[in-house]
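Welcome to a short set of exercises. Have a look at the model below, then try each task before reading its solution.

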Amino acid sequence: MRKGTGKVIAVCLTAALGLGTGGCADEGADEAGAQTQTQEPSVSSEKGSTEDQTASELFGKKGDEWWFDTTQFDPSKFDGKLMLDGVEVTLPMTVSSLQAVGIYCDGGLHYGELESAKEQYETGFLNDDDEQSEQRIWREEDGGLVKIEVVKQLTMYNLDQEAERDCKPIKESKIGTLGLSGSSTYEAKLLLESLGLEGVETDAGNYYLDVESLIEAYGPPCFYVNGSLSSYLYYYYGDYSLEFAVMDEQVYDLYYIGTEYLEADELHIVPSRSDTENAYIEAYSKLK
């Protein structure tokens, strides 16, 4: 029986939510100094269309801190799809839904061995109320497996209190978090491709995702946190959220976060859920 990594991934989720300095955060991000200065969403019957507003009315900066008009959050602006190395993925995602499009989540797989991956999905197990964190996921190509470069972190978990046994096959596990990196020039290109966005061009002729392009595509977030060096923008879509990390003008990280995973006390014992996590849960509960 295969065991997961226990509660270690809670540290990674904390980093993904804007606090902590665990290995899941990009280098250069000062998440430990994050200040939970946030603006919660309000639901208004007079909510206007973001297409009729100028960028200066939707977001901006006061000194070194970002501000966003969270009352203009519009979940319909996101089509619920990501492209992972050319493979279209519909959200919310599970281990089995990714396998259906030729993507395998188990980082313990041997390079290039597709049959080994299929066997592992049939014979491997994940303990009840446990997690497994990986830094590699794979896609099928020419009868083998190749690494999906843009993915930097993934969490599989099993949360089933009514199961007759204490574990499930890997293929029946769920996905709690999936992190995409856009910090380097190469990764920024992959992140833009994953979101289907053009971004802005640098003097060197490269492209990266900036805040204005993000807001133009998806509108303002429903919640945000300003840190000493980085800010974090959250978009709630029911079964999952997207979290974008911003440094200066550049969006350098994207995390997919499953709602069940974020809310499950059983998976957040050590460390306990952070103030930022609790504040975000409270904010999006008003949108349900």
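**Exercise 1.** In which loop is Asp-248 found? Locate this residue in the predicted model, then work out its exposure class and the surface patch it belongs to.

*Solution.*
- Start with the strands: Asp-248 sits in the loop that links β18 (240–247) to β19 (250–258).
- Next, take its relative accessible area, which is 54%. Exposed means over 50%, so Asp-248 falls in that class.
- Finally, look at its partners: Asp-248 joins Glu-212, Glu-216 and Glu-249 in a negative surface patch.

**Exercise 2.** Examine the backbone at Asp-85 and Asp-248: what is the sign of phi in each?

*Solution.*
- Recall the usual case: most residues other than glycine have a negative phi.
- Asp-85 has a positive phi of about 55 degrees, and Asp-248 has a positive phi near 60 degrees.
- Now place Asp-85: the loop between β4 (81–84) and β5 holds this residue.
- Its relative accessibility is 37%. Partly exposed lies between the 20% and 50% limits, so Asp-85 is given that label.

**Exercise 3.** Which peptide bond is cis, with omega near 0 degrees?

*Solution.*
- Most peptide bonds are trans.
- The bond from Leu-91 to Pro-92 is cis.
- Pro-92 belongs to the loop between β5 (87–90) and α3 (95–100).

**Exercise 4.** Step back to the whole chain: how many helices and strands are in the protein, and what share of its residues counts as buried?

*Solution.*
- Counting elements gives eight helices and 19 strands.
- Of the 288 residues, 52% are buried.
- For the surface, about 12,900 Å² is exposed, with 44% of it supplied by carbon and sulfur atoms.

Key: Residues are numbered from 1 along each chain as its sequence is written. This is a predicted model: local features need pLDDT of at least 70, side-chain atom pairs count only at pLDDT 80 or more; totals for chains, interfaces and linings use all residues. Side-chain values use heavy atoms; hydrogens and water are left out. Patches are made of residues with over 30% relative accessible area and no salt bridge: like charges are joined within 9 Å, nonpolar side chains (Val, Leu, Ile, Met, Phe, Trp, Tyr) within 5 Å. Accessible areas come from the Shrake-Rupley method with a 1.4 Å probe; for residues, only the protein chains shown count as cover. A salt bridge is a side-chain nitrogen of Lys or Arg within 4 Å of a carboxyl oxygen of Asp or Glu. Lys and Arg count as positive and Asp and Glu as negative; His and the chain ends are not counted. The place of a charge is taken as NZ of Lys, CZ of Arg, CG of Asp or CD of Glu. Helices (H or I, at least four residues) and strands (E, at least two) are DSSP runs, numbered from the N terminus. Buried means under 20% relative accessible area, exposed over 50%, partly exposed in between (1.4 Å probe, protein chains only).
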